[in-house]
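Here are a few friendly notes to read alongside the model. Please keep the structure open as you go through the points.

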Amino acid sequence: MPLYEHVFLARQDVTSQQVEALVEQYKGIIEAGGGSVPKVEPWGVKSLAFRIKKNRKAHFTLLNIDAPPAAVAEMERQMSLSEDVLRFMTLRVEELEEGQSVMLQKRDRDDRREGGGRFDREGGGGRFDRGDRGDRGPRRDRSSDDDASDEA
């Protein structure tokens with residue numbers, strides 16, 4: 001059977017439990033069509049690049065699907081009828097990803113980085129900091145450079 005990666009966006013104002021109920025409903029459609037859903041990854045609520053049906057955020061969910069095309073088409077038809085689903089996209093893939101997807105790996109990396117940002121370090125604010133200039137030395141007075149070039 002063909003393999004698919006399917007991502008759908010649910011409205012922000014639905015609860016996580018309602019999103020899980022949607023996932024179970026769509027898994028049931030796939031299984032009734034003779035397929036299986038080996039992996040479901042809820043990516044959480046994320047900001048959208050632009051408004052979709054007056055929504056600025058959405059619940060993102062990834063489904064890995066191993067099913068015949070007819071079952072996937074029926075699931076997509078049901079999603080297009082649902083008011084809670086803003087958008088969906090299905091891609092046929094050669095093989096399904098094992099382990100966490102890139103989106104969840106990114107979230108884990110961001111969580112680790114949370115503790116000590118660049119503004120938490122001693123010396124502080126980076127390019128807007130007017131303090132120590134590190135290995136560059138002190139600032140020179142440019143007005144004396146202009147006077148010296150005028151005399152030469």
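1. A look at helix 2 to begin with: this helix, residues 69-81, has 13 residues and spans 19 Å between its first and last C-alpha, close to the 18 Å expected at 1.5 Å a residue. Please bear in mind that the model is predicted.

2. Which residues of helix 2 are buried? They are Ala-71, Val-72, Met-75 and Met-79. These residues lie on the same side of helix 2, because the arc they cover around the axis is only 100°.

3. On the face of helix 2 turned away from that buried side, you will find the exposed residues Pro-69, Ala-70 and Leu-81.

4. As for the cover over the buried residues of helix 2, it includes helix 1 (16-32) along with strand 1 (3-11), strand 3 (55-66) and strand 4 (85-93).

5. Now to the sheet. It is open, with 4 strands in the order 2-3-1-4 and antiparallel pairing. Strand 2 (36-52) and strand 4 are the edge strands, each pairing on one side only. From one strand to the next, the twist averages 20°.

6. The pairing of strand 2 with strand 3 is worth following on screen: these strands run antiparallel and are joined by 10 bridges. For a place to start, take Ser-47, whose bridge partner in strand 3 is Lys-57.

7. Helix 1 packs on the sheet as well, where it touches strand 1, strand 2, strand 3 and strand 4. The direction of helix 1 makes about 30° with that of strand 3.

Methods. Residues are numbered from 1 along each chain as its sequence is written. This is a predicted model: local features need pLDDT of at least 70, side-chain atom pairs count only at pLDDT 80 or more; totals for chains, interfaces and linings use all residues. Side-chain values use heavy atoms; hydrogens and water are left out. Helices (H or I, at least four residues) and strands (E, at least two) are DSSP runs, numbered from the N terminus. The expected span of a helix is 1.5 Å times one less than its number of residues. Buried means under 20% relative accessible area, exposed over 50%, partly exposed in between (1.4 Å probe, protein chains only). The arc is that of the directions from the helix axis to the C-beta atoms. Contact means heavy atoms within 4.5 Å. Two strands pair if DSSP finds at least two bridges between them. Axes are lines fitted to C-alpha atoms, for helices over the stretch in contact, and angles run from 0 to 180 degrees between N-to-C directions.
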